Amino acid sequence: MNILFCSAGRRVELLKDFRKSMDEDDRIIAADLSNLAPALYVADAHYLVPRIDDPAYLDTILDICRKEKINAVTTLIDPEIELLAKNRARFEEIGVEVLAPYTETAELCFDKFKMYQYLTAHGIPTPDTWGDYASAMAAIESGNLAFPVFVKPRTGSGSVGARKVQDAETLKALCEADPSLIIQRLMTGDLDADVYIDTISHKAVSAFSKRKLETKIGGASKTISFKDEKLFDFIRRITDLLKFNGPVDMDFFYQDGTYYLSEVNPRFGGAYLHAYGAGVDFIKLIKRNLNGKENTPIFGNYEDDVVMMMYDSVVITKIAKAE
């Protein structure tokens, strides 16, 4: 298995986990636009590439795939997911599996208001959401919504710009400064799940659920594992509706006995490290798929109350130069 991580960034520990589960002849290739992306330096080979919006970017990635005999490609940032999804056929022509959702699902995951509308139309519980200040205030005036509320960018990632808002004056100022904000009913019971969707059956075959104990910019930094068949059934229902391919990070709320899907990041989540450390190995599932083998669904193959606590570390190395 030769795998290419696009936009590798800071995901050093994820690449290290891959190395632990890969065979001696398997290779990890990393690409990023910055030679100060630390994950580059723990890969077997790395490449400096243009920005993802550069017209030359996709051809550069395809050239790397040919040169390095890549079997699978994925990205570690949300804005690139749709690019890979839309160009799946170009990768498949050279024998590369795209570990990203199919185009329609990729578009829904990136646009949180469209996702809300889609989920609601298909009967999937999700937090009530309003697309602008005027509609949110109308809901407040009618008694269908009350402060505090939660706001976040419609197409944001990494929790940037997401916050609780206590009053109409603050909400109006925020929405005027950033019209992309959407407004949600404030929910409790914040948790998430790492899910693997088999690339052959396109069914969810593994899930690791955890409650968030501490969250910082970019995601959860302290989590504790739990198992609930009700949540696993909900995950299977969601993944049967949407067309994913490979690893997915799902955010949920649990309130009044009901699970609500908050949003989906269809890539390796920042806290997948917890799942791997607890014995839920998506890397082996990927390799089986690349070898043409369908994975057997196994849910709950980990212990409750396993805690993950993130901390800072460093990479020290000689800097890479552009070729």
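The protein chain is built from 11 helices and 15 strands, taken as DSSP runs numbered from the N terminus, with at least four residues (H or I) for a helix and at least two (E) for a strand. Keep in mind that this is a predicted model, so local features need pLDDT of at least 70 and side-chain atom pairs count only at pLDDT 80 or more, while totals for chains, interfaces and linings use all residues. Residues are numbered from 1 along each chain as its sequence is written, and side-chain values use heavy atoms, with hydrogens and water left out.

Let's start with the overall form. The C-alpha atoms fill a box of roughly 60 × 40 × 40 Å along the principal axes. A compact globule of 323 residues would have a radius of gyration near 20 Å, and the chain agrees, at 20 Å; that radius is taken over C-alpha atoms, and the globule rule is 2.2 Å times the number of residues to the power 0.38. Buried residues account for 49% of the 323, where buried means under 20% relative accessible area, exposed means over 50%, and partly exposed lies in between (1.4 Å probe, protein chains only). Contacts (heavy atoms within 4.5 Å) reach far along the sequence: among those between residues at least 6 apart, 64% join residues at least 24 apart.

Now for the inside. In soluble globular proteins, nonpolar side chains tend to be buried together. Here the largest nonpolar core has 59 residues, and Phe5, Phe18, Ile235, Met250, Phe252 and Leu261 have the most contacts inside it. A core in this sense is a set of buried Ala, Val, Leu, Ile, Met, Phe, Trp, Tyr and Cys residues joined through side-chain atoms within 4.5 Å. A second, separate core of 23 residues includes Leu58, Cys65, Val98 and Ala106. Back in the largest core, take a look at Leu261: leaving aside neighbours within four places in sequence, its contacts include Leu119, Ile124, Phe234, Met250 and Phe252.

Phe5 and Phe18 turn up again in an aromatic cluster, together with Tyr196, Phe268, Tyr272, Tyr276 and Phe282. The structure holds 11 aromatic pairs, meaning rings of Phe, Tyr and Trp (its six-membered ring) with centres within 6.5 Å; planes under 30 degrees apart are stacked, over 60 edge-to-face, and the rest tilted. Tyr272 and Tyr276 make a tilted pair, 6.4 Å centre to centre with 55° between the planes. They are four residues apart in helix H10 (residues 272-277), so about one helical turn separates them. Tyr272 is buried at 1% relative accessible area, and Tyr276 also counts as buried, at 16%.

Phe268 from that cluster also touches Arg11, as do Ala39, Leu76, Arg267, Gly269 and Gly270, not counting residues up to four places away in sequence. Arg11 lies in the loop between strand E1 (2-6) and helix H1 (12-21), yet counts as buried, at 17% relative accessibility.

Finally, some backbone oddities. Most residues other than glycine have a negative phi, and most peptide bonds are trans. The bond from Phe147 to Pro148 is cis, with omega near 0°. His202 has a positive phi, near 60°, and is partly exposed at 24%. Asp256 has a positive phi of about 55°; this residue is exposed at 74%, in the loop between strand E13 (246-255) and strand E14 (258-265).
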